[in-house]
Amino acid sequence: MSVLIADADFQRGKRIATACEQLGLRARLFTHGAAALEGALLEPPLLLIAQLALPLIDGAQLGGILRANPRTRTVGLVYLADNRADAAREVAGAEIFGPKVETDALAARARELVEARDRGTASRARSSEGVGGVEGDLSQLPLADLLQLFHVSQKSGVIALRRGADADGAQTGRVALRAGEVICVELDSATGEKALYRMLAWDRGQFAFAPGVVTEQPSLGKPTRALLQEGLRQNQEWARCADQLPPLDASVHLKVRRSSLPVVIQPLTQEVLLVLEAYSRVSDVVDHCSFPDYLVLRTLHTLIERGMVELRDASAEVQPDTGARLFSDAPGVRLREWMGLGDNPAPGVHDARLLVVASDPSGSRELTRLVKRLPGAMLRGGADAAAIDRLGVLGRLAVDDAVGIEFVEVPADSRFAAIWPLAGHGCVAILLVLTGPVSTALEAVRPVVETLRGVPRARIFHLLLLEKDAAVEADALRENLSIFDDSSLFLIPIGKGATADVLLREMFLRILP
């Protein structure tokens with residue numbers, strides 16, 4: 001029969017523990033609320049005796065958290081008052097002793113309360129001892145407090161979070177911990193700091209912690225304390241100046257041409273401007289940017305103040321059918337001019353060739369899978385998508401009703417060196433698809449690059465496909481900068497569908513003449 005005592009007055013707590021043990025109760029003593037909460041969750045007690053003025057997590061809050069947790073909801077509650085005001089408080093479902101505590105009387109009452117617990121409840125509590133899992137309600141224990149608790153105790157495992165009851169509106173997330181440090185965070189389509197900061201703002205929902213070894217590679221570059229500090233700061237700033245930021249249901253549009261924008265801009269601003277080309281609603285821009293929500297909104301606010309972006313009332317905005325066409329009219333006009341079709345081209349569809357050379361056959365398959373999702377794409381799938389040992393046509397991407405891009409692949413194998421200049425001649429561009437380690441991929445396509453550079457009007461672009469949670473090998477890129485120019489490198493995360501679609505569209509806009 002277990003009793004948990006949480007009292008900052010160590011001597012008093014020790015006297016209470018001794019008196020309880022003399023009556024056959026097993027007592028555990030903690031001197032602050034965080035340690036008491038961890039002890040109660042890991043080994044549920046039948047009775048909690050807690051000081052109301054307990055440090056870190058006060059007694060009443062500690063009791064509320066335990067009553068909200070499925071594993072500890074049947075715990076009995078006794079509070080210790082240090083003054084008359086606390087002694088006069090009324091706490092539902094709990095008894096209050098003090099300000100002067102008679103330890104023998106308290107121990108006797110503790111024994112009565114423990115024996116009064118339902119035997120079935122006690123049996124369930126004992127059967128769950130040592131499991132180590134924790135469940136609860138975020139309204140009682142917010143994610144920030146939970147992470148601080150696990151950080152102090154250096155726990156490893158995964159926290160599953162959920163907000164909302166119905167299947168359509170529910171949000172589900174996960175936080176992976178290793179020795180108390182947050183290493184990976186996911187929330188629906190968001191990841192990293194963006195996902196973490198969103199969940200730190202949740203004031204309701206449920207959590208469940210499953211302890212265990214986490215083998216995932218870290219995708220966050222900050223220590224947990226810094227993440228919590230920054231996340232809480234951003235959420236507080238957002239709440240403080242919410243009336244100054246663009247409403248999520250509003251519409252935003254670029255007022256200037258991209259060609260008139262500064263060449264050197266911050267990555268956050270660059271990404272916001274890029275996403276604005278595909279999405280006009282503020283909420284969509286926020287969702288499809290990889291940076292935290294507050295930073296995206298603040299950047300939009302700055303762009304609006306500088307006259308580069310305008311804010312419109314969403315109720316009056318007519319949303320275009322962005323799913324029907326990938327490009328506006330301008331790219332088609334430019335492509336027809338490049339192809340020399342004139343104002344009255346011959347009837348039928350005309351295509352410009354895009355030569356694709358992959359460092360590995362998987363790159364062709366992955367590129368095909370990504371492009372197939374875009375409007376106007378007609379590419380083959382499956383094993384036929386990659387022409388491993390021959391020159392092959394992967395498919396087509398429509399630019400408008402009259403012109404498009406035909407994807408033609410040639411292998412990077414040296415056996416096909418004689419074909420490289422022939423295949424590259426007259427192409428609108430040459431796309432080198434890099435997968436796997438950067439240094440290995442660059443080495444595989446280096447002979448192709450050296451050969452195709454001699455082709456007249458050759459325009460060579462590099463597409464680096466990033467696996468989920470993969471990091472860019474900066475050193476390898478720096479060592480091979482000689483093969484790149486200022487606009488030839490594209491990095492696309494293949495695990496982030498919406499983001500990959502936007503970046504692919506931007507890539508094709510730059511590839512088109």
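Student: How much area does the protein chain expose, and what share of it do carbon and sulfur atoms supply?

Tutor: The protein chain exposes about 24700 Å² (Shrake-Rupley method, 1.4 Å probe), and 50% of that comes from carbon and sulfur atoms. This is a predicted model, in which local features need pLDDT of at least 70, side-chain atom pairs count only at pLDDT 80 or more, and totals for chains, interfaces and linings use all residues. Residues are numbered from 1 along each chain as its sequence is written, and side-chain values use heavy atoms, with hydrogens and water left out.

Student: How is the packing of two helices read?

Tutor: Two packed helices are described by the angle between their axes and the distance between the axes. Here helix 10 (residues 267-276) and helix 12 (residues 293-305) pack at about 80 degrees, with axes 10 Å apart. Helices are DSSP runs of H or I, at least four residues, and strands are runs of E, at least two, numbered from the N terminus. Axes are lines fitted to C-alpha atoms, for helices over the stretch in contact (heavy atoms within 4.5 Å), with angles from 0 to 180 degrees between N-to-C directions. The two helices are therefore roughly perpendicular (65 to 115 degrees).

Student: Which residues of helix 10 and helix 12 meet?

Tutor: Leu-268, Thr-269, Val-272, Leu-273 and Leu-276 of helix 10 meet Leu-295, Val-296, Thr-299, Leu-300 and Leu-303 of helix 12.

Student: What is the order of the strands in the open sheet?

Tutor: The order of its five strands is 2-1-3-4-5, with parallel pairing; two strands pair if DSSP finds at least two bridges between them. Strand 2 (26-30) and strand 5 (94-97) are the edge strands.

Technical notes
Angles under 35 degrees count as roughly parallel, over 145 as roughly antiparallel, 65 to 115 as roughly perpendicular and the rest as oblique.
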